Amino acid sequence: MWTVDKGVEDLETCAQIVDAARLIQQGEVVAFPTETVYGLGADALSNQAVEKIFVAKGRPSDNPLIVHIGRIGQLETVVSQVTDDAKRLIEAFWPGPLTLILPKQDTVADLVTAGLETVGVRMPDHPVALSLINAAGMPIAAPSANLSGKPSPTTAQHVRGDLEGRIAAIVDGGATGVGVESTVIDMTVKPAMILRPGGVTFEQLQAVLGTVEIDPAFLLGAEESPRSPGMKYTHYAPEGELWLVNGEREAVRKRMESMLREARQMGCKTGVLVTSENAAEWEGSGCADAVLSCGSLSDLGSVARDLYGVLRQFDSLGVQFMVAPVFPRKGMGLAVMNRLEKAAGGRVVTA
Ligand code: TXA
Ligand code: MG
């Protein structure tokens, strides 16, 4: 385990980064921080190297990976065509939490794209990530550095818990800032289509492109229609059972209380996800074993930043039944709700 002092003047020559870059060049996998979540990186041009990512994570090989570049000149190694709209997004949001789906270059390893003709590419906004990619001198393919099915890691500690002993090295750059993954947008269709909400918001993309398509379920939520739990929503799943409660604030509080009481009567260890605004109220209520505060309702970006850490904490406390409120689907709230809905596996009630 290495810790990188972020104050280091020239990260590319810092010993930890040089060593990690050498491991990447040798075809090994290395975990490193980005501004969104920790990534598990390997040489994007080598099938042999990329295969190790899938093995370490236990990830199905039909799910393509994102390629990370360290400077704009590297883009042509990865994609064969950059549309005008893609150029506008790059100008506005790179380096940053936005992944563009574009036609792939032949050099990209087939395993990265799961055989698709397109590739996801982004330039991360993190000094350690950029230095590592540039020191390695090649684009780095990296999914989130969690075991498949676990919440994405936002600290090196999370990575260690999931992958220690399974990968060559972990570069510790402290806690990540955004907390949820990049937004994935398909630039091979017109209008461009958001495939995953993330660190760059729908509103920000709309402001640059004018028109952006997005599955209406992301914007409106599908909580009114019952869904079968655990089918395609097995990502980000905590070990306990998470329920989302929708509705007006006071009604939500009452409903959560009664759900928690009922679960306790059945012998479950219970937890509630709150925000800084109502944390004290819940702590005093004595109706949950774990009251975990996740950012502030007045700043949905702060909820995103804390979300995966809080989900992991419920797990480590052995909580078996959890409730969380439905957050507004605006700005970063869209990504927050997408991850919470996946974690809840479709368990949503209206108070
Ligand atoms: O913030 C992030 O994006 C983090 C950090 C490490 O950069 N990475 C990340 O990677 O979240 P991963 O593998 O966990 O998620 C990649 C997402 C998946 O939903 C995948 O299906 C999609 O991007 N994706 C990748 N390539 C694609 C392609 N060619 N077409 C459609 N979707 C693609
Ligand atoms: Mg992931």
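This dialogue walks through a ligand site, a pocket and one helix residue in a predicted model.

Trainee: What should I know before reading any values?

Mentor: This is a predicted model: local features need pLDDT of at least 70, side-chain atom pairs count only at pLDDT 80 or more, and totals for chains, interfaces and linings use all residues. Residues are numbered from 1 along each chain as its sequence is written, chains are lettered from A and ligands numbered from 1 in the order written, and side-chain values use heavy atoms, leaving out hydrogens and water.

Trainee: Which residues come nearest to ligand 1?

Mentor: A residue is near a molecule if one of its heavy atoms lies within 4 Å of it. Here 23 residues surround ligand 1, and Thr 36, Asn 63, His 68, Ser 182 and Arg 196 come nearest. By class, the shell holds 11 nonpolar, 8 polar and 4 charged residues. Nonpolar covers Ala, Val, Leu, Ile, Met, Phe, Trp, Tyr, Cys and Pro; charged covers Asp, Glu, Lys and Arg; the others, Gly among them, are polar.

Trainee: Which strands supply at least two residues of that shell?

Mentor: Strands (E, at least two residues) and helices (H or I, at least four) are DSSP runs, numbered from the N terminus. The strands here are β4 (66-68), β6 (118-122) and β10 (193-196). β6 gives the most, with 4 residues.

Trainee: How do I read polar contacts to ligand 1?

Mentor: Look for a pair of N or O atoms within 3.5 Å. A polar side-chain atom of Thr 36 sits 2.7 Å from a ligand 1 oxygen. For Arg 59, the distance to a ligand 1 oxygen is 3.0 Å. A side-chain N or O atom of Thr 118 is 3.1 Å from a nitrogen of ligand 1.

Trainee: How much of ligand 1 does the protein bury?

Mentor: Accessible areas come from the Shrake-Rupley method with a 1.4 Å probe. Ligand 1 alone exposes 680 Å², and the protein buries 87% of that.

Trainee: Which helix gives the most to the lining of the second largest pocket?

Mentor: α10 does, with 4 residues. The lining divides into 12 nonpolar, 4 polar and 3 charged residues.

Trainee: Is Leu 89 buried or exposed?

Mentor: Buried means under 20% relative accessible area, exposed over 50%, partly exposed in between (1.4 Å probe, protein chains only). Leu 89 counts as buried because its relative accessibility is 0%. Leu 89 lies in helix α4 (residues 84-93). C-alpha to C-alpha, Leu 89 and Ala 279 are 38 Å apart in space, and 190 residues apart in sequence.

Methods. A polar contact is a pair of N or O atoms within 3.5 Å; within protein, one must be able to donate a hydrogen and the other to accept it, and residues adjacent in sequence count only if both atoms are side-chain atoms.
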